[in-house]
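Me: I would like to go through one pair of packed helices with you, question by question. Could you show me the sequence and the structure before we begin?

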Amino acid sequence: MRRIIGYVLAAFGAWLAWAGIEGLRFSLATGSDLSSALMEPPTTLLRLAGGGLIACGGIIAGLNLKIGGAIALIGALLFALLAGAMAGSGAAPEMWTDEAISAATALVGAIALLLLKRC
């Protein structure tokens, strides 16, 4: 069961990271330089890092290694930080609700990886 959750979490994290890459590509296509697209505001950087860590943690857990759940949890917490930063900055709820739901989903998966025994 832990391996299945790990691989599902890996696919979910890859999808989240891909959404971050698409946003980055859009920013670069409109004339922004890479540092501005990543750091002003840092939502793209948080999205890429969180999604990447969730995906890596899921793959590592799928390979039945203990550290995978902790890595996925760090990525999920980064995604929760992203949602909190967007909400705290006064962004409209339509802008950050998806991130909050994604963070909650990733947190549930990462906590399941931490609590389930390896077989």
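Me: In this predicted model, which residues of H4 do Thr43, Leu46, Arg47 and the other listed residues of H3 meet?
Reply: On the side of H3, the residues in contact also include Ala49, Gly50, Gly51, Leu53, Ile54, Gly57, Gly58, Ile60 and Ala61. Their partners in H4 are Gly68, Gly69, Ile71, Ala72, Ile74, Gly75, Ala76, Leu78, Phe79, Leu81, Leu82 and Met86.

Me: Are H3 and H4 roughly parallel or antiparallel?
Reply: The axes of the two helices, H3 and H4, come within 7 Å and cross at roughly 160°. Because angles over 145 degrees count as roughly antiparallel, that crossing makes H3, relative to H4, roughly antiparallel.

Me: What is the handedness of the crossing in which H3 passes H4?
Reply: The angle of roughly 160° between the axes of H3 and H4 is complemented by a handedness, and for H3 passing H4 the crossing is left-handed.
The term that describes how H3 passes H4 is therefore, by the sense in which the near helix is turned from the far one, left-handed.

Me: Within what arc do the buried residues of H4 fall, seen down its axis?
Reply: The buried residues of H4 are Gly68, Gly69, Ala72, Gly75, Ala76, Phe79, Leu82, Ala83 and Met86. They line one face of the helix, since seen down the axis of H4 they fall within an arc of 135°.

Me: Which helices do the buried residues of H4 pack against?
Reply: H4 spans residues 68–88 and reaches 30 Å from its first C-alpha to its last. Its buried residues pack against helix H1 (2–29), helix H3 (43–62) and helix H5 (93–115).

Notes: Residues numbered from 1 in each chain as written. Predicted model: local features only at pLDDT ≥ 70, side-chain atom pairs only at ≥ 80, totals over all residues. Heavy atoms only, no water. Helix = DSSP H or I, 4+ residues; strand = E, 2+ residues; numbered from the N terminus. Expected span 1.5 Å × (residues − 1). Buried < 20%, exposed > 50% of the residue type's maximum accessible area, 1.4 Å probe, protein only. Arc of directions from axis to C-beta. Contact = heavy atoms within 4.5 Å. Axes fitted to C-alpha atoms, helices over the stretch in contact; angles between N-to-C directions. Parallel < 35°, antiparallel > 145°, perpendicular 65-115°, else oblique.
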